[in-house]
Amino acid sequence: MKFFFMFVLFTFLVSCSTAYKEPVILMDQAYLNCESMHSEFNDVFDCIQADELTKNLKTDEVDLLLLKGEQLKEKIDQGKLSSADAKFEWKKLIYDIKQQLSETRYKRMYESVCRVNYRGHCVRW
């Protein structure tokens, strides 16, 4: 009986920790999957847009990534940007978004643990 409850608890914890992935992470995974199949940025971006997983993502970060992808695709078509430069800008934007989300999570965690005054410093009770 003890083993059964431990198994249920373990299964619950594993399902909670692996259930949700942020949309930016999913977009990055879609990019890596498409990049393994295609070498040019335009083909990779078309693959990302056709991916069923990314079609249903509706967040500001995903919208920003898709707009940036369209912008990079246009620049490549006009000859103003190479495919390698477009890949770099795409990955840099994903990195920046992940960094900002991480900082926001840290700030929320800090504020939940510590009462913060108007300057953002921790106030001791």
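# A tour from Asp28 through the helices

Start by selecting Asp28, which counts as buried because its relative accessibility is 9%, under the 20% limit. The model on screen is predicted. Asp28 sits in helix α2. Show what surrounds Asp28, leaving out neighbours within four places in sequence: the residues in contact are Lys91, Ile94 and Lys98. Ile94 is one of the buried residues of α6.

**The whole chain**

Zoom out and colour by secondary structure. The protein chain has six helices and zero strands. Read from the N terminus, the order of elements is α-α-α-α-α-α. The protein chain has 125 residues, and 23% of them count as buried. Switch on the surface: about 9400 Å² is exposed, and carbon and sulfur atoms supply 59% of that area. Among contacts in the protein chain with a separation of 6 or more, 57% are between residues 24 or more positions apart.

**Helix α6**

Select residues 83-113, which make up helix α6. Does the distance between its end C-alpha atoms agree or disagree with the span that 31 residues should give? At 1.5 Å a residue, α6 should span 45 Å, and its end C-alpha atoms are 45 Å apart, so the two agree.

Now show the buried side chains of α6: Ser83, Ala86, Trp90, Leu93, Ile94 and Ile97. These buried residues pack against α2, α3 and α5.

**The rings around Trp90**

Keep Trp90 and hide the rest of α6. Trp90 has a relative accessible area of 0%, so it is buried. Add Phe45: the two rings form an edge-to-face aromatic pair, 5.9 Å from centre to centre and with 70 degrees between the planes. Phe45 belongs to helix α3 and Trp90 to helix α6, so this pair ties together parts 45 residues apart in sequence. Phe45 is buried as well, at a relative accessible area of 1%.

How many aromatic pairs does a search of the whole structure find? The search finds four aromatic pairs. Another of them is Tyr31 with Trp90: the ring centres are 6.1 Å apart and the planes stand at 25 degrees, so the pair is stacked. This pair also links distant parts of the chain, with Tyr31 in helix α2, Trp90 in helix α6, and their positions 59 residues apart. Tyr31 is buried, with a relative accessible area of 1%.

Select Tyr31, Phe41, Phe45 and Trp90 together to see the cluster that ring pairs link.

**Helix α3**

Move to helix α3, residues 41-50. Which residues of α3 are buried? They are Phe41, Asn42, Val44, Phe45, Cys47 and Ile48. Show the helices around them: the buried residues of α3 pack against α2, α4, α5 and α6. In the viewer, α4 is 52-55 and α5 is 60-78.

**The disulfide**

From the buried set of α3, pick Cys47 and then add Cys34. The two form a disulfide, with their sulfur atoms 2.2 Å apart. The pair links distant parts of the chain, as Cys34 lies in helix α2 (residues 23-37) and Cys47 in helix α3, 13 residues apart. Check the dihedral about the S-S bond: at -70 degrees, the link of Cys34 and Cys47 is left-handed. A search of the whole structure finds one disulfide.

Are the two cysteines buried or exposed? Cys34 has 2% relative accessibility and therefore counts as buried. Cys47 has 16%, and it too counts as buried, because the limit is under 20%.

**Thr54 in α4**

For the last stop, select Thr54, which is in helix α4. Thr54 is buried, with a relative accessible area of 6%. Draw a distance from its side chain to the backbone of Asp51: a polar atom of the Thr54 side chain lies 3.1 Å from the backbone oxygen of Asp51. Then show the residues that Thr54 touches, not counting those up to four places away in sequence: Met27, Ala30 and Ile48. Ile48 is among the buried residues of α3, which brings the tour back to that helix.

Conventions. Residues are numbered from 1 along each chain as its sequence is written. This is a predicted model: local features need pLDDT of at least 70, side-chain atom pairs count only at pLDDT 80 or more; totals for chains, interfaces and linings use all residues. Side-chain values use heavy atoms; hydrogens and water are left out. A disulfide is a pair of cysteine sulfur atoms within 2.5 Å. Helices (H or I, at least four residues) and strands (E, at least two) are DSSP runs, numbered from the N terminus. Buried means under 20% relative accessible area, exposed over 50%, partly exposed in between (1.4 Å probe, protein chains only). Rings of Phe, Tyr and Trp (its six-membered ring) pair if their centres lie within 6.5 Å; planes under 30 degrees apart count as stacked, over 60 as edge-to-face and the rest as tilted. Contact means heavy atoms within 4.5 Å. The expected span of a helix is 1.5 Å times one less than its number of residues. Accessible areas come from the Shrake-Rupley method with a 1.4 Å probe; for residues, only the protein chains shown count as cover. A polar contact is a pair of N or O atoms within 3.5 Å; within protein, one must be able to donate a hydrogen and the other to accept it, and residues adjacent in sequence count only if both atoms are side-chain atoms.
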